[in-house]
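Please open the model in your viewer and keep the sequence panel beside it. The stops below say what to select next and what is to be found there.

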Amino acid sequence: MSKAEYKRLGDYIREVNVRNRELKVTNLLGVSISKEFMSSIANTIGTDMSTYKIVKRRQFAYGPVTSRNGDKVSIALLDGYDDAIISQAYTVFEVTDHELLLPEYLMMWFRRPEFDRYARFHSHGSAREIFDWDELCDVMLPIPSITRQREIVSEYETLTNRIRLNNQMIQHLEATAQALYRKTFVENIDKENLPEGWRMGTIGEYSKVNSGYAFPSNWWRSNGIPVIKIGDITNNTIDEKGCDCVDEDKFEYAKKNVANKGDIVIAMTGATLGKIAIVPKNRLLVNQRVGLFDLGEIPIERAPFLYWLLQQDEIQKEIVTVGGDSAQANVSNADIERIEISLATKDSIKSFNSNAGILLKQIMIKNEEISKQTELQSLLLAKMGQ
């Protein structure tokens with residue numbers, strides 16, 4: 001689409017300022033930097049909720065402050081509720097004519113990384129940098145025919161639905177394996193009177209933990225060999241496309257810290273302390289403060305037991321206790337290896353690994369599909385500006 005076909009957004013939207021005067025709306029939401037409405041965690045005791053703004057289905061809300069906001073604009077389209085209330089700090093607006101511009105198409109434009117960069121560049125202020133209403137109205141974007149908009153939105157939402165279904169399947173697989181783990185190793189197990197052949201041991205007896213490599217700051221690149229940092233460990237997996245990288249010639253320095261498909265890594269510091277992930281592909285490097293479990297030459301064969309062991313509440317609490325409950329909390333590889341666990345017989349663990357391994361492989365397949373679907377969404381957003 002040529003630049004001549006770009007339109008000024010302000011000609012298609014208008015601000016909405018409806019207050020909750022009658023206190024009829026009680027669903028209080030906020031807006032995240034991931035551009036979603038979310039349940040508010042604000043303490044509203046004693047707060048006058050009549051001054052809060054009402055946002056309705058297919059209306060937008062955004063926070064104009066962009067400084068200290070992860071270089072992103074907090075903006076979202078309400079589609080999960082008929083209405084909600086949000087803080088007065090947000091601006092509510094709507095598309096004036098849905099036959100000219102679909103709200104869902106506009107929301108796709110807001111999800112583009114280029115939009116966030118534009119908003120940060122055009123933000124201004126001293127104590128706080130603001131991307132104000134006038135700046136938002138001056139945004140130029142391509143607005144094709146309503147038919148084409150519907151086609152683009154349909155493609156994007158199809159991918160969104162597939163991602164949602166895959167996430168639901170992963171949750172089901174996780175729950176099934178978790179139930180199998182607890183039935184085999186937790187329920188009706190008395191640590192004072194362990195079953196025959198069982199004994200008390202440590203995590204380190206099942207798998208050692210290797211600390212990651214301290215990559216110098218000037219080694220980081222946007223392309224190269226992906227490096228797993230603590231912030232890359234989310235939802236029990238790694239999105240290697242989101243990882244920072246180092247050049248290929250740096251591999252020799254960190255070749256002892258290579259994670260391959262089926263390996264398990266753990267965050268050993270900060271707010272992510274104790275979070276784990278199953279590595280989705282071969283040849284990722286591991287950064288400092290990330291622990292890499294040594295599961296042998298074929299890690300996927302021994303990973304299931306450790307994967308679900310580390311997710312147990314009692315193990316997570318022990319990691320936090322050892323590391324310290326603070327933003328600077330951290331544990332060493334030796335700390336993790338010393339955590340006490342009950343060790344079943346080798347045959348019991350082997351049987352569990354065999355059965356749960358089927359589920360874990362399916363989880364990894366679904367995560368790989370999500371990664372590809374997310375990449376397709378990104379490509380679709382990128383094409384909007386072409």
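Helices (H or I, at least four residues) and strands (E, at least two) are DSSP runs, numbered from the N terminus. This is a predicted model, in which local features need pLDDT of at least 70 and side-chain atom pairs count only at pLDDT 80 or more, while totals for chains, interfaces and linings use all residues. Residues are numbered from 1 along each chain as its sequence is written, and side-chain values use heavy atoms, with hydrogens and water left out.

**The whole chain**

Begin with the protein chain in cartoon view, where the secondary structure comes to 9 helices and 23 strands, and where the C-alpha trace spans about 75 × 55 × 45 Å along its principal axes. Of its 386 residues, 47% count as buried, a term that stands for under 20% relative accessible area, with exposed meaning over 50% and partly exposed lying in between (1.4 Å probe, protein chains only). If contact is taken as heavy atoms within 4.5 Å, then among contacts between residues at least 6 apart in sequence, 77% join residues at least 24 apart. Switching to a surface view, you have about 20,200 Å² exposed, of which carbon and sulfur atoms supply 48%; accessible areas come from the Shrake-Rupley method with a 1.4 Å probe, and for residues only the protein chains shown count as cover.

**Strand β3 and the loop after it**

Select G30, which has its place in strand β3 and is buried, with a relative accessible area of 8%. Apart from its neighbours within four places in sequence, G30 is in contact with E36, F37, M38, S40 and Y90. To set it against a residue far along the chain, add S378: the two are 348 residues apart in sequence, and their C-alpha atoms are separated by 25 Å.

Next, move to K35 in the loop between β3 (29–31) and β4 (37–39). Is this lysine, K35, buried or exposed? K35 counts as buried, because its relative accessibility is 4%, and its phi is near 65 degrees, a positive value in a residue other than glycine.

**Helix α1**

Now select residues 103–110, which form helix α1 and are mostly covered, with 7 of the 8 residues buried. The buried residues are P103, Y105, L106, M107, M108, W109 and F110.

**A second loop**

Go on to N188, found in the loop between α4 (146–185) and β11 (199–202). N188 also has a positive phi for a residue other than glycine, near 60 degrees, but N188 is exposed, with a relative accessible area of 82%.

**The second largest pocket**

For the last stop, show Y206, R302, T345, K346 and I349. The second largest pocket holds about 310 Å³ of space, and of the 13 residues that line it, those five are the closest to its centre. The elements that give two or more residues to this lining are α5 (203–206) and α9 (346–383), and α9 gives the largest share, 4 residues. Here a pocket is, on a 1 Å grid over the protein atoms alone, an open set of points where a 1.4 Å probe fits, with protein on both sides within 12 Å along at least five of seven lines, and lining residues have an atom within 4 Å of a point.

While α9 is selected, pick out D347, which is found in that helix and counts as exposed at 61% relative accessibility. D347 and E314 are 33 residues apart in sequence and 24 Å apart in space, C-alpha to C-alpha.

Note on methods:
Grid points are joined across faces, edges and corners, and a volume is the space filled by probe spheres set on the points.
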